[in-house]
Amino acid sequence: MTLPQRISVASAILSIVTMTLCYLIALDNGSVPSCMPLIEGCAAITATGVSYPEAYYFRAGYISTSVLVIIWWYCMRAYLREIRIDRWSRWLKVLFLSSIVASLLLIVSVSILGPHMEDSKATKVLWQIHTITAVLFFLITTINQIAVTWWLSRSVKEEHAEFITLNVKKVINVMQLVLLAWLFSTFVSELSREATNIIEWWLATLASLYYLTSYWDWKEFRLVRHEA
């Protein structure tokens with residue numbers, strides 16, 4: 001397994017494990033109700049990171065995930081440059097830098113969570129910061145993942161015909177767009193709390209699965225090339 005493949009797997013698995021583990025711990029402590037969050041939306045992902053002890057795992061897991069995701073984007077930028085070296089270099093820089101910003105926003109979003117925010121009225125400003133940074137993370141990440149899929153689809157050549165994950169990426173992107181459209185429909189008709197929670201869980205899961213798809217793309221990819 002190459003280093004980029006390890007980054008791909010670690011980014012996805014750590015995110016999904018953190019979500020699942022924190023929900024189960026919060027459920028065991030009575031902090032969240034029992035349900036299938038991806039289907040019923042009984043609790044937000046955020047709800048699994050407010051009370052202790054799950055808040056410890058939540059912050060540790062997602063801050064570590066954010067660091068891994070930054071490295072994943074570095075790998076993806078290097079990979080895209082390898083496929084089409086002299087094209088759209090400025091675009092790749094924007095993609096990489098904005099993705100780093102999104103990951104840093106996620107760190108801010110989870111770092112401020114804790115028991116001190118159980119009183120939502122007294123910590124209204126902190127909740128606003130958390131919400132804004134979380135929404136920006138999902139929005140920027142989704143846009144950039146869609147952009148990567150577009151770039152890859154235009155870069156496929158005979159020597160890259162083994163791009164078996166491209167269609168999987170497209171399916172993930174379509175689902176992300178549907179969820180974002182559903183989320184922003186709240187400007188027309190206010191969504192229920194459950195619907196918003198479902199969207200949040202699915203966006204986080206789909207982003208993680210997108211990171212995982214690179215495992216198969218990067219079988220032969222190395223960050224370091226030895227010139228003859």
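Here's a quick briefing on how some helices pack in this structure and where the empty space sits. The model is a predicted one. Three helix pairs get a look: H3 with H7, H3 with H4, and H6 with H7. After that come the largest cavity, at about 240 Å³, the largest pocket, at about 540 Å³, and a cis peptide bond ahead of Pro53.

**H3 against H7**

- Helix H3 covers residues 54–83 and helix H7 covers 193–217; their axes come within 11 Å and cross at roughly 45 degrees.
- That angle is why H3 counts as oblique to H7.
- As for handedness, H3 goes past H7 in a left-handed crossing.
- On the H3 side, the residues that meet H7 are Val69, Trp72, Trp73, Met76 and Tyr79.
- Their partners on H7 are Tyr210, Tyr211, Ser214 and Asp217.
- Sorted by class, this H3–H7 contact has seven nonpolar residues, one polar and one charged.

**H3 against H4**

- The axes of H3 and H4 come within 9 Å, and the crossing angle is roughly 175 degrees.
- With that angle, H3 ends up roughly antiparallel to H4.
- The contact between H3 and H4 takes in 16 nonpolar residues, along with five polar and four charged ones.

**H6 against H7**

- H6 and H7 have their axes 10 Å apart and pack at an angle of about 160 degrees.
- An angle over 145 degrees counts as roughly antiparallel, so H6 is roughly antiparallel to H7.
- H6 and H7 make a left-handed crossing.
- In the H6–H7 contact, the split is 16 nonpolar, five polar and two charged residues.

**Cavities**

- If you roll a probe the size of a water molecule over the atoms, you see where empty space is left.
- There are two cavities of 30 Å³ or more in this model.
- The largest cavity holds about 240 Å³ of space.
- Its lining is made up of 21 residues, and the ones nearest the centre are Tyr62, Leu106, Phe137, Phe138 and Ala204.
- Four helices each give two or more residues to that lining: H3, H4 (89–111), H5 (124–155) and H7.
- By class, the lining of the largest cavity comes out as twelve nonpolar residues, eight polar and one charged.

**The largest pocket**

- This pocket has a volume of about 540 Å³.
- It is lined by 21 residues, and nearest its centre you'll find Thr131, Val135, Arg193, Thr196 and Glu200.
- H5, H6 (166–184) and H7 are the elements that give two or more residues to the pocket lining.
- H5 supplies the largest share of the pocket lining, with six residues.
- The pocket lining divides into 13 nonpolar, five polar and three charged residues.

**A cis proline**

- Going from Tyr52 to Pro53, the peptide bond is cis, and its omega is near 10 degrees.
- Pro53 sits in the loop that runs between helix H2 (37–40) and H3.

Conventions. Residues numbered from 1 in each chain as written. Predicted model: local features only at pLDDT ≥ 70, side-chain atom pairs only at ≥ 80, totals over all residues. Heavy atoms only, no water. Axes fitted to C-alpha atoms, helices over the stretch in contact; angles between N-to-C directions. Parallel < 35°, antiparallel > 145°, perpendicular 65-115°, else oblique. Left-handed = near helix turned anticlockwise from the far one by under 90°. Contact = heavy atoms within 4.5 Å. Nonpolar A, V, L, I, M, F, W, Y, C, P; charged D, E, K, R; others polar. 1 Å grid on protein atoms, 1.4 Å probe; cavity = no way out; pocket = protein on both sides within 12 Å on 5 of 7 lines; lining within 4 Å. Points joined across faces, edges and corners; volume = space filled by probe spheres on them.
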